Amino acid sequence: MLPASSIAGDETTSDLRIGLGEDSHRIESGGPLRIGGIDVPHDRHLVGHSDADVLLHAVTDALLGAAALPDIGRLFPNTDPANRNRNSAEMLRAAVARVSEVGYHIVNLDCVIHAERPKLADYYDAIRHVLAGILQLNPHQIGIKAKTGEGVGPVGNQELVEARCIVLLERAGDA
Ligand code: MG
């Protein structure tokens, strides 16, 4: 059953829907750094109830938000022991399935990672490839970039990594 808050059956508005997802996770000692579905060699990692993949969480929430579906915290509450160390790719796949259920497909997405270290540019293509596989897209539909915190604030002081994602959905055809 589709949640009442979703856009399923909404014929009154545009065929396009935009969604924004944001997330942050705390950094602790010991690598690797799991981000965008890959393990980046690093001396620190992200901490969370699940595998703490900050980018996949942001993408998941962008998709769910665009479809007016319950967010990742409501779908996978951290009070549920089943979600402990859960693979974030699994949560993202669940979000993709729900977007499809309500009759939409992804046009494109663009993501920003905020991390002081390590430099992530060498991993953009690998991350895009992983995301393309999970989302059933061409890598050209996926933008990835990273920014440092300029040595300032929780990102700059290497206490936190943040990620943001914006996604565009389009109503699927009847074909
Ligand atoms: Mg998270």
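**Exercise 1. Locate Q136 and describe its backbone and its accessibility.**

Solution. Step 1: Q136 is found in the loop between α4 and β6; helices (H or I, at least four residues) and strands (E, at least two) are DSSP runs, numbered from the N terminus. The model is predicted, so local features need pLDDT of at least 70 and side-chain atom pairs count only at pLDDT 80 or more, while totals for chains, interfaces and linings use all residues. Residues are numbered from 1 along each chain as its sequence is written, and side-chain values use heavy atoms, with hydrogens and water left out.

Step 2: The phi of Q136 is near 60°, a positive value in a residue other than glycine. Most residues other than glycine have a negative phi.

Step 3: With a relative accessible area of 67%, Q136 is exposed. Buried means under 20% relative accessible area, exposed over 50%, and partly exposed in between (1.4 Å probe, protein chains only).

**Exercise 2. State where E150 lies, what its phi is, and whether it is buried or exposed.**

Solution. Step 1: E150 is placed in the loop between β6 and α5 (153-156).

Step 2: Although E150 is not a glycine, it has a positive phi of about 55°.

Step 3: The relative accessible area of E150 is 68%, so the residue is exposed.

**Exercise 3. Identify the peptide bonds that precede P32 and P118, and place both prolines.**

Solution. Step 1: G31 and P32 are joined by a cis peptide bond with omega of about -5°. P32 belongs to the loop between β1 and β2.

Step 2: From R117 to P118 the peptide bond is also cis, with omega near -10°. P118 is in the loop between β5 and α4.

Step 3: For background, most peptide bonds are trans.

**Exercise 4. Describe how β5 pairs with β7 and with β6, and how the chain crosses from β5 to β6.**

Solution. Step 1: Strand β5 (residues 104-114) and strand β7 (residues 160-171) run antiparallel and are joined by 10 bridges. Two strands pair if DSSP finds at least two bridges between them. D110 stands opposite I166 in β7.

Step 2: β5 and strand β6 (residues 142-147) run parallel, with six bridges between them. Here H114 stands opposite K147 in β6.

Step 3: From β5 the chain passes through helix α4 (residues 124-135) to β6, and this β-α-β crossover is right-handed. That term applies if, with the strands pointing away from the viewer, the path from the first strand over the helix to the second runs clockwise.

**Exercise 5. Find the residues that touch the most other members of the largest nonpolar core, then follow the contacts of L63.**

Solution. Step 1: The largest nonpolar core has 46 residues, and L55, V59, L63, L109, L131 and L135 touch the most other members. A nonpolar core is a set of buried Ala, Val, Leu, Ile, Met, Phe, Trp, Tyr and Cys residues joined through side-chain atoms within 4.5 Å.

Step 2: Elements that give two or more residues to this core include β2 (33-35), β3 (38-40), α1 (54-66) and α3 (88-101). With nine residues, α1 gives the most.

Step 3: Not counting residues up to four places away in sequence, L63 touches L92, A95, V96, V99, I106, L135, V167 and L169. Contact means heavy atoms within 4.5 Å.

Step 4: In soluble globular proteins, nonpolar side chains tend to be buried together.

**Exercise 6. Name the donors of the magnesium ion and the parts of the chain that D23 and H57 tie together.**

Solution. Step 1: D23 (OD), H25 (NE2) and H57 (ND1) coordinate the magnesium ion at 2.1 to 2.2 Å. Donors are N, O and S atoms within 2.8 Å of the metal (3.2 Å for Na, K and Ca); water is not among the atoms, so sites may look incomplete.

Step 2: The spacing of the donor residues in sequence is D-x1-H-x31-H. Because D23 lies in strand β1 (residues 16-29) and H57 in helix α1, the pair ties together parts that are 34 residues apart in sequence.

Step 3: D23 is partly exposed at 22% relative accessibility, whereas H57 is buried at 7%.

**Exercise 7. Explain why C111 and C165 form no disulfide.**

Solution. Step 1: A disulfide is a pair of cysteine sulfur atoms within 2.5 Å.

Step 2: The closest cysteine sulfur to that of C111 is in C165, 3.8 Å away, which is too far for a bond. The structure holds zero disulfides.

Step 3: C111 is buried, with a relative accessible area of 0%, and C165 is buried at 1%.
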